[in-house]
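Colleague: I have a model open and would like to understand the words used to describe it. Could you take me through the reasoning?

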Amino acid sequence: MFGKLTLDALYHYDPIIVFANVIMVGAGVLVVALLTYFRKWGYLYREWFTTVDHKKIGVVYIVIALIFLLRGFIDAAMVRGQQATVGAGGEGYLSAAHFAELFTGHGTMMIFFMAMPFLVGLMNIAIPLQIGARDVSFPLLNAVSVWLTAAAGALVMISLLIGSFSEAGWSGYTPFSGLEHSPGPGVDYWIWALQISGISTTLTGVNFVTTILKKRAPGMTLMRMPMFTWTVLCTSILIVVSFPALTVALALLALDRSVGTHFFTSIMGGDQMMYINMFWLWGHPEVYILVLPAFGIFSEVVTTYCNKRLFGYTSMVWATMAIAFLSFGVWVHHFYTMGQDPLRNSIFGIATMVIAIPTGVKIYDWIWTMFRGRIEYKLPMLWTLGFLITFVMGGMSGVLLAIPGADYKMHNSLFLVAHFHNVLIPGTMFGLLAGFYYWWPKVFGFRLDEKWGRHSFWGWLVGFYVAFVPLYMLGIMGMPRRMVTYDNPTWQFWLVIAAIGAIIVAYGIFAMFMQIYVSWRDREKNADLTGDPWGGRTLEWAIPSPPPEYNFAVVPEVRDRDAFMEMKVNNRAYERPAKYEDIHMPKSTPLPIVVAALSFFFGFAYVWHIWWLAGLCVLGTVAAVIARSFNDETEFVIPASEVQADEDAFHARLKQADVFTHIDGIQEFGDERTPAGAFVEPTTRATSGAPS
Amino acid sequence: MRRLRVPLIVVLPLLLSACSAQWFIDTFYLNELVTFFTAGPIAAYQRNVMLFTFTVMLFVLVPVVGFTLWFAWHYRAANQKNTYTPNWHHSTLLEVFLWGGPVAIIIILALMTVVSTYDLDPYKPIESENEPIRVQAIAMDWKWLFIYPDYDVAVVSELAMPVDTPLQIDLTSASVMNAFMIPRLGSQIMAMSGMRTRLHLMASERGEFFGKNYQYSGDGFANMRFQALSLSQQDFDAWLAKVRGSGRALDLDAYRALVEPSKKVDPIYYSSVPDGLFGYVMHRFQVGDGKVPPDAVPSDLTADDVAQHGHAH
């Protein structure tokens, strides 16, 4: 009846896990109780659970990301705590198995359930607004994606309570992750959490490639797209091309574990190296999936706060495309030590280093954007500077590891761990946090608090150096990664420093939550009346904050890369049409949460081999999709009168904030050496209307 | 009090400069940076590769950090005197340098990469006056078994070698994927079941170096280490005699007991090993369930033949 699931699954050998469960279940019960007490379930269902609005979906993604940021960080802190306190030859407070679950969980959660949802959340919020669209191409699919991510996250969470999580590392190398060496439910939880979130991400990729190619406002040619839109296009293409490799690798591994096939086993002709190739065939593009949109955010931030056009836009676009293309040709550098001949290793080594060229160009382009600018030190600009200086070190250690001869020595050591944190924390995390602050007022209608934001920045930056410089040192001292204990007493000194770094980062995370709370408390004072709090240059700043459901009352006409800045300079901003028109928008639907719930139960059932339930879930999903296809009334109409009323209110706010006088001033704002009207490049002036 | 200050100002820097180097080394354990304090030609070559790369990369690091800080400070909004060119966004000459600089650096590094990758190929024998010693390493849960086929002995958790004599190490695994490395001697290579990989190392000074599995392999991973002993020829012969004198034979029953999971395994000496055991262990993953049956090792199996059927060359 319940497959392999027995009451034993609830038994946990480790009091720390029991305590974590008490906290998790307690928090869950508390949230449910509060929602019931304040009668918020109806509101949540109508406004959030069933919504297909890309902005709300973006918010849900980021909520998921923040929850997993906490869990992922706690895992990291426990790993640091263990290594700092265990001492040479000691046992420490963690068992080897629990320690392995922690480093596996940390990697899995930070990549799949923190960075990816955070990124996709910002994509959801900003992309349709930047390209002047009213929604993504497939709003329903978008809602399915977000709730699938939530379902996958729930599988990770439930593994803490029922059974255990994988001990095979976030990359799940075979044959260790095979049934013979990992017989428990942990690897299955890991497989299905990744599989469901991977499907969600693939759907997102499809959605955003289509949206960016097909939904741009008239006049926005490819070479007039904002840099963030470009990077998201590249990332979405990478997602669509690379995620199938992961899906297939995990599916074959799941078959090995449940049906008894031998794709990746060490016996019966299985090929353990094939899994590793397939995993990194996805895994390396994944690094760029994570980092490219962050590069896009830095581009937006640098232009906005330097009050200047982006230097070398064309270079940036080519560099981004080059990185995306090259990222598929470097996966072997994750296992130079697997015994290939030097020819193969040299080729992949050079391919890896070649990626440093477009990356270097991007860095220089940001630096030269600052040149002769007027730099305002708002928080996102601090994140950008922190990124520039820190990331270049990560790039250096990356080039070092790209050389097979050096990698033979540094592979699997803490030097490697330091390197990829040195790339992902400044590259991705700082970018995400910059974007978080940058677009927050657009979504919620009030700015985030600057003071707590600065505390958060310094916590992250200083904490990063204190935590990861020691790991570089330890790598050079020969310490391998993933050690629950060690017998070299000289390593402990640096491990203690690294743990102090983790505490400083913890303060940064705390300050970020304080920032959200304080800003919410003072939301009246921090209100953004104009929709353009930063003197923005792209279309999302042309509409109210928060935007109405339909985003743009009138679809804008784009004449320049910095579309909104051009409008302000040429006095076209906030133009009103003679007559507003009815707007058709997609209706809310419960289908996404039904599909997500069924996916969750399917994953759970597969983990525990409850085959009847798994079968029912598959049938239920098919039935739900068929039922939906009979629904012809998927849209509703927002009448022109309502749009007019919204716009009247917005323009009243604009007048109140004295925006129009300010915009008149912007005409003189340009470079005096540039003749009037030259802001629009003549060569790109001819508009070829992109389909909307 | 006034009189005290003057000497302090003079003495303190003197004191600091006298003890600072040693103080730094002691406090930060800089003498433990084994990647730089090498004991063999492979590791020394790798150290040079790293230092060369680091030096070349300084031509990236310094300008990036320098320009970032300079522009960030100089063009702050508060400094209204600065030139401000909000529409300036292109300069062909500058772009040529921005692309050309990284290209030049990567060309230099790419050339070095090809040369060093061929030189440091783990499969490439090390040139030496002395004949290489063959070692066959089998990774187990969670210890290393080292077989010396030329001397018909085997050791667990200890790897002895005469100084200035190349080692030719063949590796396989009786369990999951492992990675063999002695940091002070050089390269790392994976050990995988059913397959053979090969690594050449040499110690150019005498001493004891730690070696370890670097690839996570389960509960006993953290303690899966061994001592590498670099000995004079005389001491190595004495060591061999000590191993032979242990009187413990590694027959298939002993092997089957050894291969069972165990943690923190101290050195064990075996005075004899069945011929072809290494190839047989590999072979059993190719044709069987990966476990070694109690009957004798088939005499027609050579490790070279078996390795042909594996995937790694």
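Modeller: Happy to; here are some questions and answers on helix packing, chain contacts and domains, and please keep in mind that this is a predicted model.

Colleague: Why is α3(A) called roughly parallel to α5(A)?

Modeller: The axes of α3 (residues 54-86) and α5 (residues 139-161) of chain A cross at roughly 15° and come within 10 Å. Angles under 35 degrees count as roughly parallel, so α3(A) is roughly parallel to α5(A). The crossing of the two is left-handed.

Colleague: What makes the contact of α3(A) with α5(A) uncharged in its residue classes?

Modeller: α3(A) brings residues including His54(A), Ile57(A) and Phe68(A), while α5(A) brings, among them, Asn142(A), Val146(A) and Gly153(A). Asp, Glu, Lys and Arg count as charged, and the contact has none of that class: the division is 9 nonpolar, 4 polar and no charged. Gly153(A) belongs to the contact, and Gly counts as polar.

Colleague: How do you know that chain A is in contact with chain B?

Modeller: Residues are in contact if their C-beta atoms, placed from the backbone, lie within 7 Å; 77 residues of chain A are in contact with 77 of chain B. On the chain A side, α10(A) gives the largest share, 16 residues. By class, that side has 45 nonpolar, 23 polar and 9 charged residues.

Colleague: And within chain B, what makes domain 2 and domain 3 touch?

Modeller: Domain 2 covers 41-119 and domain 3 covers 133-309. Their centres are 45 Å apart, and 4 residues of domain 2 are in contact with 7 of domain 3. The domain 2 side has 3 nonpolar, 1 polar and no charged residues.

How values were computed: Residues are numbered from 1 along each chain as its sequence is written. Chains are lettered from A and ligands numbered from 1 in the order in which they are written. This is a predicted model: local features need pLDDT of at least 70, side-chain atom pairs count only at pLDDT 80 or more; totals for chains, interfaces and linings use all residues. Domain bounds come from an automatic or database domain assignment. Two residues are in contact if their C-beta atoms, placed from the backbone, lie within 7 Å. Axes are lines fitted to C-alpha atoms, for helices over the stretch in contact, and angles run from 0 to 180 degrees between N-to-C directions. Helices (H or I, at least four residues) and strands (E, at least two) are DSSP runs, numbered from the N terminus. Angles under 35 degrees count as roughly parallel, over 145 as roughly antiparallel, 65 to 115 as roughly perpendicular and the rest as oblique. A crossing is left-handed if the near helix is turned anticlockwise from the far one by less than a right angle, and right-handed if clockwise.
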